[in-house]
Amino acid sequence: MSEAMLKLAGVEKAYNKGKANEVSVLSGIDLTIGAGEMVALVAPSGAGKSTLLHIAGLLDTADAGVVEIGGEDMVGRSDRRRTITRRQEVGFVYQFHHLLPEFTAEENIVLPQLADGISRKVAEARAAELLSQVGIADRAGHRPNAMSGGEQQRVAFCRALANSPRLLLADEPTGNLDPGTSDQVFAALMELVRGTGLAALIATHNLELAARMDRVVKLENGRIVVG
Ligand SMILES: Nc1ncnc2c1ncn2[C@@H]1O[C@H](COP(=O)(O)OP(=O)(O)OP(=O)(O)O)[C@@H](O)[C@H]1O
């Protein structure tokens with residue numbers, strides 16, 4: 001495999017740990033994703049998919065195990081260090097776009113770049129390039145509520161990739177769209193990811209979409225099994 005961008009080994013997570021209502025969700029997750037690799041994560045509802053994505057994306061911490069991003073051990077790092085790595089290395093896409101409603105498509109892609117110290121000129125050029133790659137350059141000046149669900153989600157992909165992360169984590173990124181739109185939008189996401197060589201872990205219930213990725217893994221009983 002090429003350079004490991006995400007490595008999880010022996011990752012465990014329980015909620016309400018040590019209490020009577022303890023829920024063990026992850027009980028020894030082993031998963032490595034290389035640069036340029038797209039992996040589908042298939043899991044029954046409630047299996048712990050969001051928990052896994054949050055730990056991989058440094059939004060939550062594991063109770064035990066190894067979490068490495070780009071070869072860097074993230075366990076025990078300070079919140080500040082984890083936030084920096086998350087902002088520089090990880091892009092997130094959710095089922096619902098979470099775009100800022102009062103800003104245009106372009107501004108939604110520009111703002112996270114400005115927050116990272118990128119100049120407005122460079123950020124705008126990057127936004128234009130990304131919007132064009134997903135086929136909606138002509139929607140740059142539209143606010144989210146003036147766009148279709150599929151267009152909104154394309155903008156969310158562009159925003160996730162705006163800071164050129166090396167790891168993309170997506171939680172049902174087309175789960176909110178009708179099947180035809182979902183296929184098209186998913187194809188746009190795959191093309192975008194392929195063009196960058198980043199590592200991607202994409203949770204989906206759609207087995208046809210999952211089969212288009214390089215590898216399918218299943219989350220069952222707190223562990224990863226090969227699809
Ligand atoms: N903060 C919490 N406190 C207690 N239990 C929790 C908490 N968050 C999640 N859980 C439980 O952990 C389990 C896994 O939750 P998670 O959200 O990771 O599942 P999921 O696979 O993403 O589900 P879905 O596909 O339905 O979104 C569920 O049983 C859930 O009820």
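Which strands does α1 lie across, and at about what angle to β1 does it run? That is where I opened my notebook, with a predicted model in front of me.

**Entry 1: helix α1 and the first sheet**

I found that α1 lies across β1, β2 and β4. Against β1, the helix runs at about 125 degrees. I then looked up the sheet these strands belong to. It is an open sheet of four strands, in the order β2-β1-β4-β5, with antiparallel pairing. Its edge strands, each pairing on one side only, are β2 and β5 (72–73).

Next I went through the pairs. β1 and β2 run antiparallel and are joined by nine bridges. In that pair I noted Ala-14, which stands opposite Ser-24 in β2. On to β4: strand β1 (residues 4–15) and strand β4 (residues 64–69) pair in the antiparallel sense over five bridges. Here Leu-6 has Ile-69 of β4 as its bridge partner, and Lys-7 stands opposite Glu-68 in β4. A reminder to myself: side chains in a regular strand alternate between the two faces of the sheet.

**Entry 2: the second sheet**

I moved on to another open sheet, this one of six strands in the order β6-β7-β8-β3-β9-β10, with mixed pairing. The edges are β6 (90–93) and β10 (223–226), each of which pairs on one side only. On average, neighbouring strands here are turned by 25 degrees against each other, direction ignored.

I wanted to see the mixed pairing for myself. β6 and strand β7 (residues 167–171) run parallel, joined by four bridges, and Gly-91 has Leu-168 in β7 as its bridge partner. β3 and β9 also pair in the parallel sense, over four bridges; there Val-42 stands opposite Lys-218 in β9. β9 and β10, in contrast, run antiparallel, again with four bridges. Val-217 is matched with Val-226 of β10 as its bridge partner. The hairpin of β9 and β10 has two residues between the strands, and in it Asn-221 takes a positive phi near 50 degrees.

Then I came back to α1. The helix also lies across β3 (38–42), β7, β8 (199–203) and β9 (215–220). Its direction is about 160 degrees to β7. So far, then, I have α1 lying across strands of the four-strand sheet and strands of the six-strand sheet.

**Entry 3: is α1 buried or exposed?**

Helix α1 covers residues 49–56, and six of its eight residues are buried, so it is largely enclosed by the rest of the structure. I listed the buried ones as Lys-49, Thr-51, Leu-52, Leu-53, Ile-55 and Ala-56. Just after the helix, Leu-58 takes a positive phi of about 65 degrees.

**Entry 4: around the ligand**

Which residues surround the ligand? I wrote down Tyr-15, Asn-16, Val-23, Val-25, Ala-43, Ser-45, Gly-46, Ala-47, Gly-48, Lys-49, Ser-50 and Thr-51. By character, five of the shell residues are nonpolar, six polar and one charged. β2 (23–34) and α1 each supply at least two of them. The helix α1 gives the most, with three residues. Two of the names, Lys-49 and Thr-51, were already on my list of buried α1 residues.

**Entry 5: two single residues**

I picked Leu-189 first, which lies in helix α6 (residues 179–196). It is buried, because 26 other C-beta atoms lie within 10 Å. Leaving aside neighbours within four places in sequence, Leu-189 is in contact with Phe-157 and Pro-173. Gln-153 is 36 residues from Leu-189 in sequence, yet their C-alpha atoms are 9.5 Å apart.

Then I turned to Asn-145, which sits in the loop between α4 (120–133) and α5 (149–161). Asn-145 counts as exposed because it has 9 C-beta neighbours inside 10 Å. Its C-alpha atom is 9.8 Å from that of Leu-99, 46 residues away along the chain.

**Entry 6: the record**

Last, I checked UniProt, where an unreviewed entry places the feature "domain: ABC transporter" at residues 6–226. Over that stretch I noted 36% helix and 27% strand, with the end C-alpha atoms 17 Å apart.

Note on methods: Residues numbered from 1 in each chain as written. Predicted model: local features only at pLDDT ≥ 70, side-chain atom pairs only at ≥ 80, totals over all residues. Buried ≥ 20, exposed ≤ 12 C-beta atoms within 10 Å, placed from the backbone. Near = placed C-beta within 6 Å. Nonpolar A, V, L, I, M, F, W, Y, C, P; charged D, E, K, R; others polar. Pairing = 2+ DSSP bridges. Contact = placed C-beta atoms within 7 Å. Axes fitted to C-alpha atoms, helices over the stretch in contact; angles between N-to-C directions. UniProt positions renumbered as here; feature names shortened; annotations may be inferred.
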